[in-house]
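Work through these exercises with the model open. Try each task before reading its solution.

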Amino acid sequence: MTARIRIEAPGNGFLAGLAHPASAAALWPVPQPAPVAETAGRVALFGRPEGTMAEVATWLRRDGVAIAWARPAPDLLASLAADRRIGLALIDLDAMGGILAALESLLVLRRSRPDLPVILVSRGFLTDDFDLERLPLCDASLRAPVRRAVLEFALSEAAEVNNPIWVSRQAEACGSRAHP
C-alpha cells in the first residue's frame, strides 16, 4: 500500500505531492493522547521574533499565554512530539522555507503527535482556512498578516473542533485496519 497526500491551492494549481511506500498503519499509528496533567498550555512559535509572528507573540503574552520561540527549521518540528509542555504549535510557513521545505516534517509531526493542534501562517495563503481538508498537515491555516480576531477564532477552532476530529479520524482508521 502507498499512502499519498496531495496539496492544492484553488486557482493556483497543484503545489506538492508526496507518496510514501509504507502501510497506512505505519504512517498513522493509533494516537496516544497525553495525560492531561502532562500537557501544558505553552504555545510553540516557529518563526523569527521580528517576523510575521511578532505581533501574534505580543497578543498571546498579553493574554497570559506562555510561549516558546523555536528557530524556523523544518527538522526541529519533530522535537515537538516529545515535548509535552507544548499544547499548541503556531508555525510561520514562510520562515520555514515554504510548504515544500516543511511538508515532510509536518507529516511526521502530525503522525507522531496527532493531539497537538497545529496552525500554519503564510503570506502565500489566499485566505484563512478552517476546513478539514488540510488536517493531515494542520488544524487551521491563516493568511499573514494575521488579524487578532482571526487568531482568537483559529486557536479555538484548532484546539476544540478540528484537532479532536483529526484525532478521532486517526483512531478510527487504525481501528478499522485492526478489524478487517
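**Exercise 1. Place Ala95. Is it buried or exposed, and what does it touch?**

Step 1. Ala95 has 10% relative accessibility, so it counts as buried. The cut-offs are under 20% relative accessible area for buried, over 50% for exposed, and partly exposed in between (1.4 Å probe, protein chains only).

Step 2. Locate the residue. Ala95 sits in the loop between E5 and H4. Helices (H or I, at least four residues) and strands (E, at least two) are DSSP runs, numbered from the N terminus.

Step 3. List the partners. Leaving aside neighbours within four places in sequence, Ala95 contacts Gly47, Arg48 and Pro72. Contact means heavy atoms within 4.5 Å.

Step 4. Check a distance. The C-alpha atoms of Ala95 and Met53 are separated by 9.8 Å, with these positions 42 residues apart along the chain.

**Exercise 2. State what kind of model this is and how confident the predictor is.**

Step 1. This is a predicted model; local features need pLDDT of at least 70, side-chain atom pairs count only at pLDDT 80 or more, and totals for chains, interfaces and linings use all residues. Residues are numbered from 1 along each chain as its sequence is written, and side-chain values use heavy atoms, with hydrogens and water left out.

Step 2. Read the confidence. pLDDT is the predictor's confidence in each residue, from 0 to 100. The mean for the protein is 80, and 75% of its residues reach 70 or more.

Step 3. Find the weak stretch. Residues 1-39 have pLDDT below 50. Beyond near neighbours in sequence, this stretch still has 72 contacts in the model.

**Exercise 3. Describe the overall build.**

Step 1. Count the elements. The protein has five helices and seven strands.

Step 2. Order them. From the N terminus on, they run β-β-α-β-α-β-α-β-α-β-β-α.

Step 3. Add the totals. Of the 180 residues, 46% are buried. Among contacts with a separation of 6 or more, 62% join residues 24 or more positions apart.

**Exercise 4. Which order do the strands of the open sheet follow, and which stand at its edges?**

Step 1. The sheet has five strands in the order E4-E3-E5-E6-E7, with parallel pairing. Two strands pair if DSSP finds at least two bridges between them.

Step 2. Strand E4 (67-70) and E7 are at the edges, each with a single partner strand, so one side of each has no neighbour in the sheet.

Step 3. Neighbouring strands are turned by 20 degrees against each other on average, direction ignored. Axes are lines fitted to C-alpha atoms, for helices over the stretch in contact; angles run from 0 to 180 degrees between N-to-C directions.

Step 4. Add a helix. H2 (residues 54-62) lies across strand E3 (42-46), E4 and strand E5 (86-92), at about 160 degrees to E4.

**Exercise 5. Analyse strand E6.**

Step 1. Five of the five residues of E6 are buried, so the strand is largely enclosed by the rest of the structure.

Step 2. Split the faces. Val118, Leu120 and Ser122 point one way; Ile119 and Val121 point the other way.

Step 3. Pair the strand. Four bridges join E5 to E6, running parallel. Leu90 stands opposite Ile119 in E6. Four bridges also join E6 (residues 118-122) to E7, again parallel. Leu120 has Ser141 as its bridge partner in E7.

**Exercise 6. Where do Met53, Leu137 and Pro145 sit?**

Step 1. Met53 is in the loop between E3 and H2. At 0% relative accessibility, it counts as buried. Not counting residues up to four places away in sequence, Met53 touches Leu45, Phe46, Trp69, Leu90, Ile91, Asp92 and Val121.

Step 2. Leu137 is in the loop between E6 and E7. Its relative accessibility is 7%, so Leu137 counts as buried. Leu137 and Val118 are 7.9 Å apart, C-alpha to C-alpha.

Step 3. Pro145 is in the loop between strand E7 (140-143) and helix H5 (148-178). A cis peptide bond joins Ala144 and Pro145, with omega about 0 degrees.

**Exercise 7. Test the length of H4.**

Step 1. Helix H4 (residues 99-112) has 14 residues. The expected span is 1.5 Å times one less than the number of residues.

Step 2. That gives 20 Å, and the end C-alpha atoms are 19 Å apart, which agrees.

Step 3. H4 bends by about 30 degrees at Ser105. The bend is the angle between axes fitted to the seven residues ending there and the seven starting there.
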